[in-house]
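Here's a quick tour for anyone opening this structure for the first time. Have a look at the model, then read on.

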Amino acid sequence: MRTFFKNGSALIWLTALATGLSFLMIGALLVLVMVNGLGIFWPEPLEEFTLKDGSKVLGEVWEVEEASATSATGKRLRLKIGNRDFYGLDFRWIETENITARSQPATAFVLERQAWGNAFGYLTALQVGDEIKANGAEETALRLPEYLAQAHALRAQISTLEKERLGELNYKIEQRRFALKSAEQAGGARQKLEAEIAGLQADYHKLESELERLRARGLAFEATFQTVDERAKTLPLLEIVRAYQPNTLSWRAKVSLYASRLWEFLSAEPREANTEGGVLPPIFGTVLMVMLMSLIVVPFGVLAAIYIREYAQQGPFVRLVRIAVNNLAGVPSIVFGIFGLGFFIYTIGGTIDQLFYSNMLPTPTYGTGGILW
């Protein structure tokens, strides 16, 4: 045993134990994040509560907690009630002692929308333009997938037209305008550029007309929505991302819906001020930034470290570099971020724009935020 302590084996085992415990804690933290984070995509049942005052509440039970000491049962429920456009809030607390009846209606719908968050309630009718396609909860639920798929196809066409074709034309028009500005400054001919701009603008107006036509077709698909307290509203199917009846879903359907919502979160763009939709742009930006850092910063950093540690002679310059490295380790990164904003974007980027892209000002080229800076 004395040899075990003298040759350092005890410290080796202690270090190994500490490393193992660290890995276990990291793993437990990852599991905790995954359980609490990934569980948000699982479809929860919708429950309808009848209260003592005769009012009704429909929502998902998110939390059960001990209520105040004056409560007879000592418990209350935190419900996600949705319908932000009706109630102005997403959640509500109710005391369990105020509940007189509780059920899970099969006809209740969850509507995931482009704006205003989820809608919880009932669909009573379906129409396209002035023509009623379905009437009543059962018939509407039966025919909704067909017309929702048509509305989604139109929304995909609208998105392609807006982001790709119109965006490309707008970019070409702006490039011609900048070229025209340069030609004016240089005293060059402008008739050809003006003719090109006129032709591109004519194409742009045609696409705008097509876009309005597609939007009118899409807005013709409507569903009549009713809350549990009998407030009614007409919802365009274009605004509905996903519609399902959680209380009638089979286990397989729930797994499929869970996978669909998780994939949307990873692959779609955010919407409604980044409170809904996916996180693809931040993921893409992070991966691209890590790749650029790996290709550019790591080689220079490693070479600089080897040079300063092994080859550089001690002197004022090396001491200055070491002071800078210590500052990097000790100063919060937000401070350097503010410095980078002022120096790289406004100073370097702004100077580049003034020298080489003056014809495009006031629209910045390098004097704005970007992955390079």
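## The main core

This is a predicted model, and a good place to start is its largest nonpolar core, which has 27 residues. Within that core, the residues with the most contacts are Leu111, Leu123, Leu126, Leu144, Phe221, Phe225 and Leu237. Who supplies at least two residues each? That would be strand E6 (109-113), strand E7 (118-128), helix H4 (137-186), helix H5 (191-219) and strand E9 (221-226). H4 gives the largest share, with 10 residues.

As a general backdrop, nonpolar side chains in soluble globular proteins tend to be buried together.

## Zooming in on Leu123

Which residues does Leu123 touch, once you set aside its neighbours within four places in sequence? Its contacts are Phe109, Leu111, Gly136, Ala137, Thr140, Leu144, Ala223, Thr224 and Phe225.

There's also a second core, separate from the big one, made of 9 residues. Val110, Tyr122, Tyr244 and Leu257 are among them.

## The five-stranded sheet

Now over to an open sheet of 5 strands, which run in the order E4-E3-E2-E1-E5 with antiparallel pairing. At its edges sit strand E4 (91-95) and strand E5 (99-103), each pairing on one side only. On average, neighbouring strands here are turned by 45° against each other, direction ignored.

For a closer look, take strand E1 (residues 47-51) and strand E2 (residues 56-66): they pair in the antiparallel sense over 4 bridges. And what does Glu48 stand opposite in E2? Its partner there is Leu58.

Terms used. Residues are numbered from 1 along each chain as its sequence is written. This is a predicted model: local features need pLDDT of at least 70, side-chain atom pairs count only at pLDDT 80 or more; totals for chains, interfaces and linings use all residues. Side-chain values use heavy atoms; hydrogens and water are left out. A nonpolar core is a set of buried Ala, Val, Leu, Ile, Met, Phe, Trp, Tyr and Cys residues joined through side-chain atoms within 4.5 Å. Buried means under 20% relative accessible area, exposed over 50%, partly exposed in between (1.4 Å probe, protein chains only). Contact means heavy atoms within 4.5 Å. Two strands pair if DSSP finds at least two bridges between them. Axes are lines fitted to C-alpha atoms, for helices over the stretch in contact, and angles run from 0 to 180 degrees between N-to-C directions.
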